[in-house]
Amino acid sequence: MIRRSTWITLALFIVLAVLAWVLLPRVLKGDETIDATPTVQPTQALLYDLTTQEITWVRFANAEGAVVEVERGSAEGDWSVAGEAEGTSDSQRISSIVGLISNMQVMRAFEVELGIETIGLDNPTYTMTLKTFTGDEIVTTVGNLNQVGSAYYVQVADDPSVLVARQVVDEIFSVFANPPLLATPTPLATETALPELEVSPTP
């Protein structure tokens, strides 16, 4: 004869089996839903609150005193290097650099203000001045690299200093090592016709 405790154990086993059969698919489906939910990555703040179309003039300067200025007359106009002959500036490259400027992202902002002497902003490596079509002028200074060499300390006007990616800053200020000018075509060699010599008959 089967004991009462055995019947109770058997009944509990059946109940657990039914619960497992009903609930397990739901749990697995819930896991799939969680895994399928994309993780939202935080976006980095932009250094400037302006667009490329708003910028009309940029002045680049380095610690050695070299200066490069670029300008355009309208938002749809071509860029040119100030002081250079018409048609010699690489407008497409300048436009690309200005696009980098307006889209520079802040890698890190500091809650505590850093001393400008400790990060090189008292004697900046680079200085950049932007002018907009509405007449606003924005001065940006670039100080030292951070300890790992991946970013520069940058300050816009009197705002707190931030870190900006080295690769972006180096590309913007490449205007010194590689000015945005079109290559001067090498003139083709021309053949010079020689005068024909008259041969006098020998007497």
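Biologist: Over the ring of which residue does the charged end of Lys131 sit?

Modeller: This is a predicted model, in which local features need pLDDT of at least 70, side-chain atom pairs count only at pLDDT 80 or more, and totals for chains, interfaces and linings use all residues. Residues are numbered from 1 along each chain as its sequence is written, and side-chain values use heavy atoms, with hydrogens and water left out. A charge sits over a ring if NZ of Lys or CZ of Arg is within 6 Å of the ring centre and within 35 degrees of the ring normal. The charged end of Lys131 lies 4.5 Å from the centre of the ring beneath, that of Trp57.

Biologist: What is the angle between the planes of Tyr126 and Phe173?

Modeller: Rings of Phe, Tyr and Trp (its six-membered ring) pair if their centres lie within 6.5 Å, and planes under 30 degrees apart count as stacked, over 60 as edge-to-face and the rest as tilted. By this rule there are 5 aromatic pairs. Tyr126 and Phe173 are one stacked pair, 4.1 Å centre to centre, with the planes at 10°.

Biologist: Is Asn62 buried or exposed?

Modeller: Buried means under 20% relative accessible area, exposed over 50%, and partly exposed in between (1.4 Å probe, protein chains only). Asn62 has a relative accessible area of 16%, and therefore counts as buried.

Biologist: Which residues does Asn62 contact beyond its neighbours within four places in sequence?

Modeller: Contact means heavy atoms within 4.5 Å. With those neighbours set aside, the residues in contact with Asn62 are Thr125, Tyr126 and Phe176.
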